[in-house]
Amino acid sequence: EDAHGFLELRGVTKRYGALAAVDGVDFTVDRGEVIGIGGPNGAGKTTFFDLISGLTRTTEGTIRFRDQDITGLAPHRLCRLGMARTFQLNSGFDNMTVFENLLAARAFGRRSAGGWLLTARADKQATQVLLDEIGLADIASDPVAGIPILARKKLMIATALIGEPDILLLDEPVGGLTPPEIDELIDLMLGLKSRGMTLVFIEHVMRFLTAVADRAVMMHQGRIIYDGTPGGLANDKTVAEVYLGSA
Ligand code: ATP
């Protein structure tokens, strides 16, 4: 398996009637890269994620993941290939505990098969290990309905990680968090990064993006208008124009 072009989009387009929400995008992710995607509301970022993760079908173009054509593959198939994503809105089973949520996600998203008796114990163990790692162990038996927003965000990330993915797509992981909470998620992300996880995230919070990502991608009107270092964003004319509304 090639580390270069781990995930590869060629000419990917999604049209809704006359609108191209994603418009002929070429995009390559190498294994181990950490990429932050920004851009104004309506730029096409969520649609871009939906296309990669199989939630919506491409109108045109091809998507390859680990040397396979995955264009049109269903999300559960992609999950088995090692792709996981989170969503902007907090999701989860509210009346179940944090532990139960994660265990359920493990049962659905586990990539290795095995006898039920064998996996039941292993699943519980893996769940506990991840809860410890991500800092949710002390609220493991709380119902999700009552936990704070930071814990919810962490739970969403844990839910994506529990299937042991090789690439993780995060949609606005720190939206709605306070600065100290953002710092905590920065640390969490840097931890994942140091373990070699391939990360692609959408985030408006520039401080988070520049602290975590090695590569920044800016979208506007369905296209990629910047693909480079996070540090270079501030001096980029096209990006400045988009944010000043004169593009
Ligand atoms: P935000 O930052 O607000 O989440 P975004 O960059 O994620 O924005 P998208 O949600 O991908 O942008 O939307 C891109 C464009 O596609 C928008 O103009 C949106 O109205 C349109 N769009 C998205 N989904 C649909 C749909 N199911 N039907 C019609 N138009 C859609």
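Trainee: What makes a residue part of the shell around the ligand in this predicted model, and how many residues surround the ligand?

Mentor: A residue belongs there if one of its heavy atoms lies within 4 Å of the ligand. In this structure 13 residues surround the ligand, and the closest are Gly 42, Gly 44, Lys 45, Thr 46 and Thr 47. Helix α1 (45-52) and strand β2 (19-29) each supply at least two residues of that shell, with α1 giving the most, three.

Trainee: How do you know that Thr 46 makes a polar contact with the ligand?

Mentor: The cut-off for a pair of N or O atoms is 3.5 Å, and a polar backbone atom of Thr 46 is 2.8 Å from a ligand oxygen. Ala 43 also qualifies, through a backbone N or O atom at 3.1 Å from an oxygen of the ligand. With Asn 41, a side-chain N or O atom is 3.2 Å from a ligand oxygen. Overall, the protein covers 60% of the 640 Å² of accessible area that the ligand has on its own.

Trainee: Turning to aromatic pairs, why is the one between Phe 6 and Phe 65 called edge-to-face?

Mentor: Three aromatic pairs turn up in the whole structure. For Phe 6 and Phe 65, the ring centres are 5.1 Å apart and the planes are at 65°. Centres within 6.5 Å make a pair and planes over 60 degrees apart make it edge-to-face, so both tests are passed.

Trainee: Why does Phe 6 count as buried?

Mentor: Buried means under 20% relative accessible area, and Phe 6 has 0%. Phe 65 is buried too, at 0%.

How values were computed. Residues are numbered from 1 along each chain as its sequence is written. This is a predicted model: local features need pLDDT of at least 70, side-chain atom pairs count only at pLDDT 80 or more; totals for chains, interfaces and linings use all residues. Side-chain values use heavy atoms; hydrogens and water are left out. A polar contact is a pair of N or O atoms within 3.5 Å; within protein, one must be able to donate a hydrogen and the other to accept it, and residues adjacent in sequence count only if both atoms are side-chain atoms. Accessible areas come from the Shrake-Rupley method with a 1.4 Å probe; for residues, only the protein chains shown count as cover. Helices (H or I, at least four residues) and strands (E, at least two) are DSSP runs, numbered from the N terminus. Rings of Phe, Tyr and Trp (its six-membered ring) pair if their centres lie within 6.5 Å; planes under 30 degrees apart count as stacked, over 60 as edge-to-face and the rest as tilted. Buried means under 20% relative accessible area, exposed over 50%, partly exposed in between (1.4 Å probe, protein chains only).
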